[in-house]
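Welcome! Have the sequence and the 3D view open, and try each exercise before you read its solution.

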Amino acid sequence: EQLEKNYKKELQLNKMKSDFLANISHEIRTPYNGLIGYSDIIDDCIANQDYESLQELTSAMKEVMGRALNLFTNLVEVSQIEAGEVEIEKVELNCNQVLNKIYNKRLLDAQKKNVEFKLDLCSSELFIEIDWVKLERIIDVLIDNSIKYTSKGYVSISTKEIDNNVCIYITDTGIGFDKSQTERLLAPFTQEVEGYTRPYEGVGLGLTVAYKLTKLLGGNFEISSEKNKGTEVKISFPKINGNKSNTALEIL
């Protein structure tokens with residue numbers, strides 16, 4: 001019986017390895033194949049003195065390179081977290097200002113998909129002691145996921161103060177996922193649909209990065225989702241009485 005369990009586990013590990021290699025090779029090759037194609041078109045544009053089209057092509061190339069850079073950033077980040085090599089530098093800040101900055105940065109991405117992007121921040125200042133850069137990274141990753149998996153409806157960022165905790169909610173009306181998949185999707189390199197036929201790009205690192213960074217910062221991470229109805233992620237940190245002379249507000 002034990003041999004059978006070990007055998008099944010080995011098969012599962014082999015499948016995970018195969019899926020990972022297939023996904024990672026696909027995600028690396030796709031943007032670079034795109035760049036080769038764009039460079040050929042640019043050569044044609046220059047030869048034909050079609051300088052008008054060059055601006056559109058360079059914008060498209062930046063998008064492709066952004067996708068590749070995001071992949072490598074996530075890979076490095078997960079490996080650093082797993083190896084315990086992440087440095088934490090905490091400051092006191094009003095998280096509403098961080099969220100407002102991310103909202104403005106991501107608004108155009110939502111508009112491109114015709115998805116409503118909502119911002120509903122608590123009227124009072126919500127000070128927490130946290131690594132500012134890593135908090136921004138967590139929220140940015142979660143917003144990126146929400147926009148990616150939402151084709152109609154809305155994505156929203158909201159904050160509340162509950163039991164002296166600052167709660168940040170990222171909510172969407174996207175494709176969602178089955179509740180039974182929650183634990184698996186928090187693990188690295190997993191999406192609900194695997195293989196080349198999966199409808200969305202990426203190697204399944206976004207949720208992992210957000211979840212592990214939240215835990216490293218001493219926060220609480222909760223996720224609830226329903227298939228074809230949407231997803232809500234709630235992260236929370238203890239509220240502090242911010243000393244405005246010692247915050248990162250000026251940086252923001």
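**Exercise 1. Find how α3 and α4 cross, and which residues make the contact.**

Step 1. Start with the hand: α3 passes α4 in a right-handed crossing. A crossing is right-handed if the near helix is turned clockwise from the far one by less than a right angle, and left-handed if it is turned anticlockwise. Helices (H or I, at least four residues) and strands (E, at least two) are DSSP runs, numbered from the N terminus.

Step 2. Before going on, note that this is a predicted model, in which local features need pLDDT of at least 70 and side-chain atom pairs count only at pLDDT 80 or more, while totals for chains, interfaces and linings use all residues. Residues are numbered from 1 along each chain as its sequence is written, and side-chain values use heavy atoms, with hydrogens and water left out.

Step 3. Now add the geometry. Two packed helices are described by the angle between their axes and the distance between the axes. Helix α3 covers residues 95–112, and its axis comes within 10 Å of that of α4, at a crossing angle of roughly 35°. Axes are lines fitted to C-alpha atoms, for helices over the stretch in contact, and angles run from 0 to 180 degrees between N-to-C directions.

Step 4. List the partners. From α3 the contact includes Cys95, Val98, Leu99 and Ile102, and from α4 it includes Trp132, Leu135, Ile139 and Ile143. Contact means heavy atoms within 4.5 Å.

Step 5. Sort the residues of this contact: 10 are nonpolar, none is polar and seven are charged. Here Ala, Val, Leu, Ile, Met, Phe, Trp, Tyr, Cys and Pro count as nonpolar, Asp, Glu, Lys and Arg as charged, and the others, Gly among them, as polar.

**Exercise 2. Check the length of α4, then look at its surroundings and its N-terminal end.**

Step 1. Helix α4 runs over residues 132–148, which is 17 residues. The expected span is 1.5 Å times one less than the number of residues. That gives 24 Å for α4, and its end C-alpha atoms are 24 Å apart, so the two agree.

Step 2. Of those 17 residues, 14 are buried, so α4 is largely enclosed by the rest of the structure. Buried means under 20% relative accessible area, exposed over 50%, and partly exposed in between (1.4 Å probe, protein chains only).

Step 3. At the N-terminal end, Asp131 acts as a cap, with a side-chain oxygen 3.2 Å from the backbone nitrogen of Val133.

**Exercise 3. Describe how α2 meets α6, and place Glu77 in that picture.**

Step 1. Helix α2 (residues 51–82) packs against helix α6 (residues 206–216) at about 35°, with 10 Å between the axes. Their crossing is left-handed.

Step 2. On the α2 side, the contact residues include Asn74, Glu77 and Val78; on the α6 side, they include Val209, Lys212 and Leu213. The contact holds five nonpolar, two polar and three charged residues.

Step 3. Glu77 is buried, with a relative accessible area of 16%. Leaving aside neighbours within four places in sequence, Glu77 is in contact with Arg137, Val209 and Leu213. Glu77 and Val209 are 132 residues apart in sequence, and their C-alpha atoms are 7.2 Å apart in space.

**Exercise 4. Find two residues with a positive phi in the loop between β4 and β5.**

Step 1. Most residues other than glycine have a negative phi.

Step 2. Asp163 lies in the loop between β4 (154–162) and β5 (165–172). Asp163 is not a glycine, yet its phi is positive, about 50°. Asp163 is exposed, with a relative accessible area of 72%.

Step 3. Asn164 is found in that loop too. Asn164 also has a positive phi, about 65°, although it is not a glycine.

**Exercise 5. Trace the contacts of Ser225.**

Step 1. Ser225 sits in strand β6 (residues 220–226) and is buried, with a relative accessible area of 7%.

Step 2. The side chain of Ser225 reaches the backbone oxygen of Gly230 at 3.1 Å. The side chains of Ser225 and Thr231 are joined by a polar contact of 2.8 Å. A polar contact is a pair of N or O atoms within 3.5 Å; within protein, one must be able to donate a hydrogen and the other to accept it, and residues adjacent in sequence count only if both atoms are side-chain atoms.
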